Amino acid sequence: MISRKATHVLAILGLVLSVFVLPQANANAQTGTVRMQARLAGVKAVAKYEERGTRRKFNFQLELATPGQVGTVTAVAANGKTVRMGTFTVDALRRGIIDIDTTEGDSVADLNVGSLITLRISGKVYRGTLQIR
């Protein structure tokens with residue numbers, strides 16, 4: 001038998017899901033838009049992926065804390081090494097950006113929740129997993 005406390009927790013969880021989570025999922029289903037994001041552990045980097053119908057967009061932004069890696073060319077991959085999402089050179093502001101969109105003729109992989117985003121820079125590997133945003 002479920003305790004009274006557990007019943008209250010389940011009721012509150014149900015309320016939270018109905019107020020916050022389900023309307024967002026429903027809104028995305030109605031517009032046909034899927035938005036996902038991954039923050040990479042160990043570095044200030046964010047990957048964003050959006051899919052709307054046949055259009056796919058991928059944006060990756062990196063900001064390094066130290067200037068020693070300026071000029072470094074690095075690559076971002078999805079799903080391990082199976083899909084290369086792009087390369088960039090770290091600029092004088094210690095930033096790197098990839099911004100690709102199928103409507104601009106770019107090739108953007110079809111990604112899913114749980115897709116692994118990998119950044120290799122100066123011999124180190126940083127990873128994050130795409131989640132619904």
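Is aspartate 101 buried or exposed, judging by its relative accessibility? At 7% relative accessibility, aspartate 101 counts as buried, because the cut-off for that label is under 20%. Bear in mind throughout that this is a predicted model.

**Aspartate 101 and its surroundings**

So where does aspartate 101 sit? Its home is strand S6, which covers residues 95–101. The side chain of aspartate 101 makes a polar contact of 2.8 Å with the side chain of threonine 103. If you set aside residues up to four places away in sequence, the residues that aspartate 101 touches are Arg55, Arg56, Lys57, Asp106 and Val108.

**The four-stranded sheet**

Now for the sheet. Its four strands come in the order S5-S4-S7-S8, and they make an open sheet with antiparallel pairing. Strand S5 (83–89) and strand S8 (124–129) are the edge strands, each pairing on one side only. From one strand to the next, the twist averages 20°. As general background, strands of a sheet pair through backbone hydrogen bonds, either parallel or antiparallel.

Let's zoom in on one pair. Strand S4 (residues 73–78) and strand S7 (residues 116–121) run antiparallel and are joined by four bridges. Alanine 78 has isoleucine 117 of S7 standing opposite.

**Serine 115**

Serine 115 is found in the loop between S6 and S7. With a relative accessibility of 4%, serine 115 counts as buried. What does its side chain reach for? A polar atom of the serine 115 side chain lies 2.9 Å from the backbone oxygen of asparagine 112. Leaving out neighbours within four places in sequence, serine 115 is in contact with Asn79, Gly128, Thr129 and Leu130.

**Arginine 94**

Over in the loop between S5 and S6 you'll meet arginine 94. Its phi is positive, about 65°, although arginine 94 is not a glycine. For context, most residues other than glycine have a negative phi. Arginine 94 counts as partly exposed because its relative accessibility is 28%, and that class runs between 20% and 50%.

Here are the three residues side by side:

| Residue | Relative accessibility | Class |
|---|---|---|
| Aspartate 101 | 7% | buried |
| Serine 115 | 4% | buried |
| Arginine 94 | 28% | partly exposed |

Technical notes. Residues are numbered from 1 along each chain as its sequence is written. This is a predicted model: local features need pLDDT of at least 70, side-chain atom pairs count only at pLDDT 80 or more; totals for chains, interfaces and linings use all residues. Side-chain values use heavy atoms; hydrogens and water are left out. Helices (H or I, at least four residues) and strands (E, at least two) are DSSP runs, numbered from the N terminus. Buried means under 20% relative accessible area, exposed over 50%, partly exposed in between (1.4 Å probe, protein chains only). A polar contact is a pair of N or O atoms within 3.5 Å; within protein, one must be able to donate a hydrogen and the other to accept it, and residues adjacent in sequence count only if both atoms are side-chain atoms. Contact means heavy atoms within 4.5 Å. Two strands pair if DSSP finds at least two bridges between them. Axes are lines fitted to C-alpha atoms, for helices over the stretch in contact, and angles run from 0 to 180 degrees between N-to-C directions.
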